[in-house]
Amino acid sequence: MSDTPAPPVRLRADVLATPAYRQGATPTKPGFKLSSNENPFEPLPGVLAAITERAGLSHRYAAAGMPELRAAIAEPFGVDAGSVHLGAGSVTILYQLVHAAAGPGDEYLYAWPSFEAYPALGLASGATPVAVPLNARAEHALDAFAAAITERTRVVLLCSPNNPTGPAIGRADFDRFMARVPADTLVVLDEAYREFVTDPQAVRGEDVLREHPNLVVLRTFSKAYGLAGLRIGYGVGDPAILGAAASVAVPLSVTGIAESAALAVLAPEAREAGAERIAALAERRDGLAASLRELGLDVPEAQGNFVWIRETAAGEGGVESALALAADFAEAGTLVRPFAGHGVRISVGEAESVPEVLRVVAAHLGR
Ligand SMILES: Cc1ncc(COP(=O)(O)O)c(C=O)c1O
(Lines give C-alpha, C1' and ligand atoms only; values in the text may rest on other atoms or scores of the structure.)
Protein backbone atom coordinates (compact mmCIF):
# COMPACT_ATOMS: atom_id res chain seq x y z
CA MET A 1 0.00 0.00 0.00
CA SER A 2 3.08 2.24 -0.14
CA ASP A 3 1.81 4.06 -3.24
CA THR A 4 -1.38 5.10 -1.41
CA PRO A 5 -1.18 8.67 -0.07
CA ALA A 6 -1.43 9.03 3.73
CA PRO A 7 -5.01 9.82 4.85
CA PRO A 8 -5.69 13.34 6.19
CA VAL A 9 -7.37 11.91 9.32
CA ARG A 10 -6.56 9.21 11.88
CA LEU A 11 -7.61 5.80 10.59
CA ARG A 12 -6.99 2.32 11.94
CA ALA A 13 -3.49 1.07 11.17
CA ASP A 14 -4.73 -2.50 10.71
CA VAL A 15 -7.26 -1.32 8.14
CA LEU A 16 -4.66 0.75 6.29
CA ALA A 17 -2.36 -2.25 6.18
CA THR A 18 -4.95 -4.45 4.50
CA PRO A 19 -5.35 -4.44 0.71
CA ALA A 20 -8.91 -3.92 -0.53
CA TYR A 21 -10.72 -6.77 -2.27
CA ARG A 22 -9.42 -6.93 -5.83
CA GLN A 23 -12.18 -7.36 -8.39
CA GLY A 24 -11.60 -9.19 -11.68
CA ALA A 25 -10.09 -6.77 -14.21
CA THR A 26 -12.19 -4.91 -16.76
CA PRO A 27 -11.42 -5.81 -20.39
CA THR A 28 -9.49 -3.20 -22.32
CA LYS A 29 -9.74 -4.87 -25.70
CA PRO A 30 -12.31 -7.09 -27.40
CA GLY A 31 -12.10 -10.63 -26.07
CA PHE A 32 -13.49 -12.86 -23.37
CA LYS A 33 -13.85 -11.91 -19.69
CA LEU A 34 -13.25 -15.16 -17.86
CA SER A 35 -11.93 -13.65 -14.64
CA SER A 36 -14.97 -13.26 -12.35
CA ASN A 37 -17.00 -16.47 -12.69
CA GLU A 38 -19.86 -14.55 -14.25
CA ASN A 39 -22.68 -16.07 -16.26
CA PRO A 40 -22.13 -15.48 -20.00
CA PHE A 41 -25.83 -15.68 -20.88
CA GLU A 42 -28.03 -12.62 -21.17
CA PRO A 43 -30.63 -12.08 -18.40
CA LEU A 44 -33.21 -14.85 -17.99
CA PRO A 45 -36.73 -14.37 -19.41
CA GLY A 46 -38.77 -11.98 -17.30
CA VAL A 47 -35.81 -10.31 -15.59
CA LEU A 48 -35.63 -7.17 -17.71
CA ALA A 49 -39.40 -6.69 -17.57
CA ALA A 50 -39.37 -7.10 -13.77
CA ILE A 51 -36.52 -4.64 -13.36
CA THR A 52 -38.11 -2.10 -15.69
CA GLU A 53 -41.42 -2.29 -13.89
CA ARG A 54 -39.79 -1.93 -10.49
CA ALA A 55 -37.71 1.01 -11.69
CA GLY A 56 -40.92 3.05 -11.57
CA LEU A 57 -40.72 2.75 -7.78
CA SER A 58 -37.09 3.82 -7.53
CA HIS A 59 -38.00 6.79 -5.35
CA ARG A 60 -39.22 4.40 -2.62
CA TYR A 61 -37.26 2.10 -0.34
CA ALA A 62 -37.94 -1.59 -0.90
CA ALA A 63 -40.67 -3.09 1.28
CA ALA A 64 -39.32 -4.23 4.65
CA GLY A 65 -38.26 -7.84 4.93
CA MET A 66 -39.09 -8.98 1.38
CA PRO A 67 -41.30 -11.80 2.71
CA GLU A 68 -42.34 -13.25 -0.66
CA LEU A 69 -38.76 -13.72 -1.80
CA ARG A 70 -37.64 -15.12 1.56
CA ALA A 71 -40.51 -17.62 1.53
CA ALA A 72 -39.62 -18.76 -2.00
CA ILE A 73 -35.99 -19.29 -0.97
CA ALA A 74 -36.95 -21.07 2.26
CA GLU A 75 -39.18 -23.64 0.62
CA PRO A 76 -36.60 -26.09 -0.79
CA PHE A 77 -34.76 -26.02 2.54
CA GLY A 78 -37.90 -27.08 4.40
CA VAL A 79 -37.73 -24.02 6.66
CA ASP A 80 -39.83 -20.88 6.90
CA ALA A 81 -39.04 -17.34 5.77
CA GLY A 82 -37.66 -16.46 9.22
CA SER A 83 -34.69 -18.73 8.49
CA VAL A 84 -33.66 -16.70 5.41
CA HIS A 85 -31.56 -13.54 5.47
CA LEU A 86 -30.99 -11.48 2.32
CA GLY A 87 -27.88 -9.48 1.53
CA ALA A 88 -26.59 -7.24 -1.24
CA GLY A 89 -24.62 -10.23 -2.53
CA SER A 90 -23.74 -13.22 -0.37
CA VAL A 91 -20.34 -11.62 0.26
CA THR A 92 -22.06 -9.08 2.51
CA ILE A 93 -23.50 -11.91 4.61
CA LEU A 94 -20.06 -13.48 4.92
CA TYR A 95 -18.83 -10.21 6.48
CA GLN A 96 -21.86 -10.00 8.72
CA LEU A 97 -21.52 -13.54 10.03
CA VAL A 98 -17.83 -13.18 10.82
CA HIS A 99 -18.48 -9.84 12.51
CA ALA A 100 -21.38 -11.23 14.48
CA ALA A 101 -19.39 -14.21 15.75
CA ALA A 102 -15.71 -13.25 15.94
CA GLY A 103 -14.10 -10.24 17.62
CA PRO A 104 -10.58 -9.42 18.84
CA GLY A 105 -8.75 -12.55 19.97
CA ASP A 106 -11.17 -14.84 18.14
CA GLU A 107 -10.29 -16.82 15.03
CA TYR A 108 -12.10 -17.87 11.88
CA LEU A 109 -10.92 -20.65 9.60
CA TYR A 110 -11.04 -20.92 5.84
CA ALA A 111 -9.30 -22.97 3.17
CA TRP A 112 -6.57 -21.52 0.98
CA PRO A 113 -6.56 -20.84 -1.89
CA SER A 114 -10.26 -20.06 -1.76
CA PHE A 115 -12.54 -17.05 -2.28
CA GLU A 116 -10.28 -14.02 -2.19
CA ALA A 117 -12.56 -12.07 0.14
CA TYR A 118 -12.11 -14.55 3.02
CA PRO A 119 -8.77 -13.31 4.44
CA ALA A 120 -10.10 -9.78 5.07
CA LEU A 121 -13.56 -10.70 6.37
CA GLY A 122 -12.62 -10.38 10.03
CA LEU A 123 -10.41 -7.35 9.74
CA ALA A 124 -12.84 -4.71 10.93
CA SER A 125 -14.07 -6.87 13.80
CA GLY A 126 -10.51 -7.61 14.93
CA ALA A 127 -10.82 -11.37 14.40
CA THR A 128 -7.77 -13.34 13.29
CA PRO A 129 -7.96 -15.16 9.93
CA VAL A 130 -6.53 -18.68 9.94
CA ALA A 131 -5.93 -20.25 6.52
CA VAL A 132 -5.92 -24.04 6.19
CA PRO A 133 -4.10 -25.17 3.00
CA LEU A 134 -6.01 -27.33 0.53
CA ASN A 135 -4.87 -30.92 0.11
CA ALA A 136 -2.98 -32.26 -2.92
CA ARG A 137 -6.24 -32.75 -4.84
CA ALA A 138 -7.04 -29.04 -4.30
CA GLU A 139 -9.88 -29.98 -1.92
CA HIS A 140 -10.65 -28.81 1.61
CA ALA A 141 -8.38 -30.73 4.00
CA LEU A 142 -11.16 -31.37 6.48
CA ASP A 143 -9.00 -33.31 8.96
CA ALA A 144 -6.60 -30.37 9.10
CA PHE A 145 -9.58 -28.04 9.53
CA ALA A 146 -10.87 -30.08 12.45
CA ALA A 147 -7.40 -30.12 13.99
CA ALA A 148 -7.11 -26.33 13.59
CA ILE A 149 -10.25 -25.65 15.63
CA THR A 150 -9.36 -24.24 19.05
CA GLU A 151 -11.13 -22.49 21.93
CA ARG A 152 -10.72 -19.28 19.97
CA THR A 153 -12.37 -20.52 16.75
CA ARG A 154 -15.73 -18.85 16.26
CA VAL A 155 -16.41 -19.41 12.57
CA VAL A 156 -15.44 -22.14 10.10
CA LEU A 157 -15.95 -21.21 6.44
CA LEU A 158 -16.33 -24.06 3.96
CA CYS A 159 -16.52 -23.27 0.25
CA SER A 160 -18.18 -25.96 -1.86
CA PRO A 161 -17.40 -26.13 -4.72
CA ASN A 162 -14.19 -24.36 -3.82
CA ASN A 163 -13.50 -21.15 -5.70
CA PRO A 164 -10.94 -21.15 -7.38
CA THR A 165 -9.92 -24.82 -7.52
CA GLY A 166 -13.24 -26.55 -8.26
CA PRO A 167 -13.78 -29.62 -6.05
CA ALA A 168 -16.97 -29.87 -3.99
CA ILE A 169 -16.99 -31.28 -0.46
CA GLY A 170 -18.38 -34.82 -0.36
CA ARG A 171 -21.47 -35.42 1.75
CA ALA A 172 -19.81 -38.18 3.78
CA ASP A 173 -16.74 -36.02 4.45
CA PHE A 174 -18.98 -33.14 5.47
CA ASP A 175 -20.92 -35.32 7.91
CA ARG A 176 -17.71 -36.65 9.46
CA PHE A 177 -16.35 -33.14 9.78
CA MET A 178 -19.49 -31.72 11.37
CA ALA A 179 -19.36 -34.44 14.00
CA ARG A 180 -15.97 -33.03 15.05
CA VAL A 181 -17.00 -29.35 15.19
CA PRO A 182 -18.12 -28.04 18.60
CA ALA A 183 -21.87 -27.43 18.53
CA ASP A 184 -21.38 -23.80 19.59
CA THR A 185 -19.07 -22.98 16.67
CA LEU A 186 -20.64 -21.42 13.59
CA VAL A 187 -20.05 -23.27 10.32
CA VAL A 188 -20.77 -21.39 7.11
CA LEU A 189 -21.19 -23.53 4.00
CA ASP A 190 -20.59 -21.12 1.12
CA GLU A 191 -22.37 -22.66 -1.85
CA ALA A 192 -22.11 -19.75 -4.27
CA TYR A 193 -21.67 -22.26 -7.14
CA ARG A 194 -23.90 -25.10 -5.88
CA GLU A 195 -26.25 -25.03 -8.87
CA PHE A 196 -23.40 -26.11 -11.19
CA VAL A 197 -22.52 -29.21 -9.15
CA THR A 198 -23.12 -32.48 -11.00
CA ASP A 199 -21.41 -34.85 -8.55
CA PRO A 200 -24.23 -36.69 -6.75
CA GLN A 201 -21.93 -37.38 -3.76
CA ALA A 202 -21.41 -33.66 -3.06
CA VAL A 203 -22.88 -32.05 0.03
CA ARG A 204 -26.01 -29.93 -0.58
CA GLY A 205 -27.23 -27.35 1.89
CA GLU A 206 -30.87 -28.43 1.63
CA ASP A 207 -29.96 -31.96 2.78
CA VAL A 208 -27.91 -31.04 5.84
CA LEU A 209 -29.19 -27.71 7.14
CA ARG A 210 -31.81 -29.02 9.55
CA GLU A 211 -29.39 -31.50 11.11
CA HIS A 212 -27.04 -28.77 12.31
CA PRO A 213 -28.30 -25.75 14.27
CA ASN A 214 -24.78 -24.24 14.02
CA LEU A 215 -24.80 -24.30 10.18
CA VAL A 216 -25.63 -21.41 7.85
CA VAL A 217 -25.82 -22.10 4.11
CA LEU A 218 -24.95 -19.24 1.76
CA ARG A 219 -26.14 -18.96 -1.82
CA THR A 220 -26.24 -16.23 -4.41
CA PHE A 221 -28.24 -15.07 -7.40
CA SER A 222 -25.00 -13.79 -8.96
CA LYS A 223 -23.67 -16.92 -10.61
CA ALA A 224 -26.16 -19.54 -11.88
CA TYR A 225 -28.98 -16.97 -12.10
CA GLY A 226 -26.83 -14.31 -13.76
CA LEU A 227 -27.71 -11.38 -11.48
CA ALA A 228 -24.15 -10.49 -10.41
CA GLY A 229 -24.59 -6.82 -11.22
CA LEU A 230 -27.75 -6.46 -9.14
CA ARG A 231 -26.17 -7.71 -5.88
CA ILE A 232 -28.43 -10.17 -4.13
CA GLY A 233 -27.60 -13.32 -2.18
CA TYR A 234 -28.87 -15.09 0.92
CA GLY A 235 -28.12 -17.11 4.00
CA VAL A 236 -30.33 -19.87 5.37
CA GLY A 237 -30.04 -21.03 8.97
CA ASP A 238 -31.02 -20.43 12.54
CA PRO A 239 -33.05 -17.19 12.83
CA ALA A 240 -31.09 -16.07 15.91
CA ILE A 241 -27.76 -16.43 14.06
CA LEU A 242 -29.16 -14.58 11.05
CA GLY A 243 -30.67 -11.95 13.35
CA ALA A 244 -27.18 -11.26 14.71
CA ALA A 245 -25.92 -10.98 11.11
CA ALA A 246 -28.72 -8.49 10.41
CA SER A 247 -27.64 -6.45 13.45
CA VAL A 248 -24.26 -5.75 11.88
CA ALA A 249 -25.60 -5.36 8.33
CA VAL A 250 -25.67 -2.03 6.53
CA PRO A 251 -29.41 -1.27 6.56
CA LEU A 252 -31.44 -0.94 3.38
CA SER A 253 -28.71 -2.26 1.10
CA VAL A 254 -30.76 -4.85 -0.80
CA THR A 255 -32.63 -2.96 -3.49
CA GLY A 256 -36.18 -3.46 -4.67
CA ILE A 257 -34.87 -3.92 -8.21
CA ALA A 258 -32.68 -6.81 -7.04
CA GLU A 259 -35.65 -8.29 -5.16
CA SER A 260 -37.85 -8.12 -8.29
CA ALA A 261 -35.14 -9.70 -10.44
CA ALA A 262 -34.65 -12.52 -7.91
CA LEU A 263 -38.39 -13.22 -7.86
CA ALA A 264 -38.35 -13.25 -11.66
CA VAL A 265 -35.61 -15.89 -11.90
CA LEU A 266 -37.45 -18.08 -9.39
CA ALA A 267 -40.70 -17.84 -11.40
CA PRO A 268 -41.66 -21.04 -13.26
CA GLU A 269 -41.14 -19.44 -16.73
CA ALA A 270 -37.53 -18.58 -15.94
CA ARG A 271 -36.71 -21.73 -14.00
CA GLU A 272 -36.74 -24.00 -17.04
CA ALA A 273 -34.54 -21.69 -19.09
CA GLY A 274 -32.29 -21.26 -16.07
CA ALA A 275 -31.90 -25.01 -15.60
CA GLU A 276 -31.04 -25.45 -19.29
CA ARG A 277 -28.34 -22.80 -19.08
CA ILE A 278 -26.87 -24.26 -15.92
CA ALA A 279 -26.75 -27.70 -17.58
CA ALA A 280 -25.12 -26.18 -20.68
CA LEU A 281 -22.45 -24.45 -18.59
CA ALA A 282 -21.74 -27.61 -16.59
CA GLU A 283 -21.34 -29.56 -19.82
CA ARG A 284 -19.10 -26.86 -21.30
CA ARG A 285 -17.03 -26.93 -18.09
CA ASP A 286 -16.59 -30.69 -18.29
CA GLY A 287 -15.56 -30.45 -21.94
CA LEU A 288 -13.05 -27.69 -21.19
CA ALA A 289 -11.58 -29.57 -18.22
CA ALA A 290 -11.28 -32.76 -20.29
CA SER A 291 -9.53 -30.93 -23.15
CA LEU A 292 -7.11 -29.27 -20.73
CA ARG A 293 -6.32 -32.68 -19.24
CA GLU A 294 -5.62 -33.94 -22.76
CA LEU A 295 -2.97 -31.22 -22.96
CA GLY A 296 -1.29 -32.90 -19.99
CA LEU A 297 -2.66 -30.62 -17.28
CA ASP A 298 -3.71 -32.03 -13.92
CA VAL A 299 -7.00 -30.11 -13.67
CA PRO A 300 -8.77 -30.82 -10.36
CA GLU A 301 -12.38 -32.01 -10.28
CA ALA A 302 -14.32 -28.97 -11.58
CA GLN A 303 -17.78 -28.57 -10.03
CA GLY A 304 -18.31 -24.81 -10.34
CA ASN A 305 -18.44 -22.64 -13.47
CA PHE A 306 -14.64 -22.47 -13.68
CA VAL A 307 -11.57 -24.65 -14.14
CA TRP A 308 -8.21 -24.50 -12.37
CA ILE A 309 -4.74 -24.81 -13.85
CA ARG A 310 -2.12 -25.38 -11.19
CA GLU A 311 1.21 -23.65 -10.86
CA THR A 312 3.73 -26.42 -10.26
CA ALA A 313 7.45 -26.22 -9.59
CA ALA A 314 8.71 -27.58 -12.91
CA GLY A 315 5.45 -27.02 -14.74
CA GLU A 316 4.71 -30.75 -14.24
CA GLY A 317 0.93 -31.20 -14.72
CA GLY A 318 0.50 -27.44 -14.62
CA VAL A 319 2.30 -24.24 -15.60
CA GLU A 320 5.51 -22.83 -14.17
CA SER A 321 4.02 -19.39 -13.61
CA ALA A 322 0.37 -18.49 -13.11
CA LEU A 323 1.19 -14.86 -13.82
CA ALA A 324 2.90 -15.73 -17.10
CA LEU A 325 -0.07 -17.76 -18.32
CA ALA A 326 -2.48 -14.96 -17.34
CA ALA A 327 -0.25 -12.49 -19.20
CA ASP A 328 -0.46 -14.64 -22.34
CA PHE A 329 -4.23 -14.63 -22.02
CA ALA A 330 -4.31 -10.86 -21.55
CA GLU A 331 -2.12 -10.43 -24.60
CA ALA A 332 -4.69 -12.44 -26.58
CA GLY A 333 -7.52 -10.27 -25.22
CA THR A 334 -8.91 -12.76 -22.68
CA LEU A 335 -9.00 -12.06 -18.95
CA VAL A 336 -8.48 -14.92 -16.48
CA ARG A 337 -7.69 -14.85 -12.76
CA PRO A 338 -4.15 -15.76 -11.67
CA PHE A 339 -3.36 -16.65 -8.05
CA ALA A 340 0.41 -16.06 -7.90
CA GLY A 341 2.19 -19.16 -6.67
CA HIS A 342 -0.97 -21.28 -6.84
CA GLY A 343 -2.58 -21.39 -10.27
CA VAL A 344 -4.96 -19.79 -12.74
CA ARG A 345 -8.75 -19.86 -12.59
CA ILE A 346 -10.62 -19.70 -15.88
CA SER A 347 -14.36 -19.09 -15.84
CA VAL A 348 -16.61 -21.04 -18.19
CA GLY A 349 -17.81 -18.36 -20.57
CA GLU A 350 -19.30 -18.14 -24.03
CA ALA A 351 -19.13 -21.30 -26.20
CA GLU A 352 -16.63 -19.54 -28.48
CA SER A 353 -14.33 -18.86 -25.54
CA VAL A 354 -13.56 -22.57 -25.13
CA PRO A 355 -11.44 -23.04 -28.30
CA GLU A 356 -9.73 -19.72 -27.57
CA VAL A 357 -8.81 -20.86 -24.04
CA LEU A 358 -7.42 -24.11 -25.41
CA ARG A 359 -5.48 -22.27 -28.11
CA VAL A 360 -3.81 -19.91 -25.61
CA VAL A 361 -2.99 -22.69 -23.14
CA ALA A 362 -1.60 -24.96 -25.87
CA ALA A 363 0.56 -22.11 -27.20
CA HIS A 364 1.77 -21.35 -23.66
CA LEU A 365 2.75 -24.98 -23.18
CA GLY A 366 4.41 -25.05 -26.59
CA ARG A 367 2.05 -27.74 -27.90
C1 LIG B 1 -17.18 -18.58 -3.03
C2 LIG B 1 -17.87 -17.29 -3.20
N3 LIG B 1 -18.70 -16.88 -2.24
C4 LIG B 1 -19.37 -15.73 -2.35
C5 LIG B 1 -19.21 -14.92 -3.45
C6 LIG B 1 -19.93 -13.62 -3.48
O7 LIG B 1 -20.93 -13.58 -4.41
P8 LIG B 1 -22.01 -12.44 -4.38
O9 LIG B 1 -21.62 -11.42 -3.35
O10 LIG B 1 -22.03 -11.87 -5.75
O11 LIG B 1 -23.29 -13.10 -3.99
C12 LIG B 1 -18.35 -15.30 -4.48
C13 LIG B 1 -18.14 -14.42 -5.64
O14 LIG B 1 -17.31 -14.59 -6.46
C15 LIG B 1 -17.66 -16.52 -4.34
O16 LIG B 1 -16.81 -16.93 -5.28
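This passage walks through a predicted model, starting at the ligand and moving on to selected residues along the chain.

A good place to begin is the ligand and its surroundings. The shell around the ligand is made up of 13 residues, and the closest of them are Ser90, Asp190, Tyr193, Thr220 and Ser222. Sorted by class, this shell contains 5 nonpolar, 5 polar and 3 charged residues. The ligand takes up the space of the largest pocket.

Several polar atoms of the protein can be picked out beside oxygen atoms of the ligand. From Ser90, the partner is a polar backbone atom, which is 2.7 Å from an oxygen atom of the ligand. From Asn163, a polar side-chain atom takes this role, again with a distance of 2.7 Å to a ligand oxygen. Arg231 likewise places a polar side-chain atom 2.7 Å from an oxygen atom of the ligand. On its own the ligand has 400 Å² of accessible area, and the protein covers 93% of it.

Arg231 deserves a second look, this time for its backbone. This residue belongs to the loop between E6 and strand E7, the latter spanning residues 233-236. Its phi is positive, at about 65 degrees, although Arg231 is not a glycine. With a relative accessible area of 32%, Arg231 is partly exposed, because that value falls between the 20% limit for buried residues and the 50% limit for exposed ones.

Strand E6 itself, which covers residues 215-220, holds Arg219. The relative accessibility of Arg219 is 5%, so this charged residue counts as buried. Its side chain is not without a partner: a polar contact of 2.6 Å links the side chain of Arg219 to the side chain of Glu191. Thr220 is also found in strand E6, and this residue is among the closest to the ligand. Thr220 is buried too, since its relative accessibility is 3%. Asp190, another of the residues closest to the ligand, is 30 residues away from Thr220 in sequence, and the two C-alpha atoms are 9.3 Å apart in space.

The backbone also offers two cis peptide bonds to look at. One of them joins Trp112 and Pro113, with omega at about 0 degrees. Trp112 is part of strand E2, whereas Pro113 sits in the loop that runs between strand E2 (107-112) and strand E3 (128-133). Trp112 counts as partly exposed because its relative accessibility is 24%. Seen across the chain, Trp112 is separated from Arg337 by 225 residues in sequence and by 15 Å between C-alpha atoms.

The other cis peptide bond connects Ser160 with Pro161, where omega is about -5 degrees. Pro161 is located in the loop between strand E4 (153-159) and helix H6 (171-180).

Strand E3 brings in a further proline, Pro129. A relative accessible area of 34% makes Pro129 partly exposed. Along the chain, Pro129 and Thr92 are 37 residues apart, and 17 Å separates their C-alpha atoms.

The last stop is the loop between helix H1 (13-16) and helix H2 (47-55), which contains Asn37. Asn37 has a positive phi, near 50 degrees, and is a residue other than glycine. At 0% relative accessibility, Asn37 is buried, as the cut-off for this class is under 20%. Ser36 lies in the loop between H1 and H2 as well. For Ser36 the relative accessibility is 16%, so this serine also counts as buried. Ser36 and Gly315 are 279 residues apart in sequence, with 25 Å between their C-alpha atoms.

Taken together, two residues link the parts of this account. Thr220 belongs both to strand E6 and to the set of residues closest to the ligand. Arg231 combines a positive phi with a polar side-chain atom 2.7 Å from a ligand oxygen.

Definitions and conventions
Residues are numbered from 1 along each chain as its sequence is written. This is a predicted model: local features need pLDDT of at least 70, side-chain atom pairs count only at pLDDT 80 or more; totals for chains, interfaces and linings use all residues. Side-chain values use heavy atoms; hydrogens and water are left out. A residue is near a molecule or strand if one of its heavy atoms lies within 4 Å of it. A polar contact is a pair of N or O atoms within 3.5 Å; within protein, one must be able to donate a hydrogen and the other to accept it, and residues adjacent in sequence count only if both atoms are side-chain atoms. Accessible areas come from the Shrake-Rupley method with a 1.4 Å probe; for residues, only the protein chains shown count as cover. On a 1 Å grid over the protein atoms alone, a cavity is a set of points where a 1.4 Å probe fits but cannot get out, and a pocket is an open set with protein on both sides within 12 Å along at least five of seven lines; lining residues have an atom within 4 Å of a point. A molecule sits in a cavity or pocket if more than half of its atoms lie within 2 Å of its grid points. Helices (H or I, at least four residues) and strands (E, at least two) are DSSP runs, numbered from the N terminus. Buried means under 20% relative accessible area, exposed over 50%, partly exposed in between (1.4 Å probe, protein chains only).
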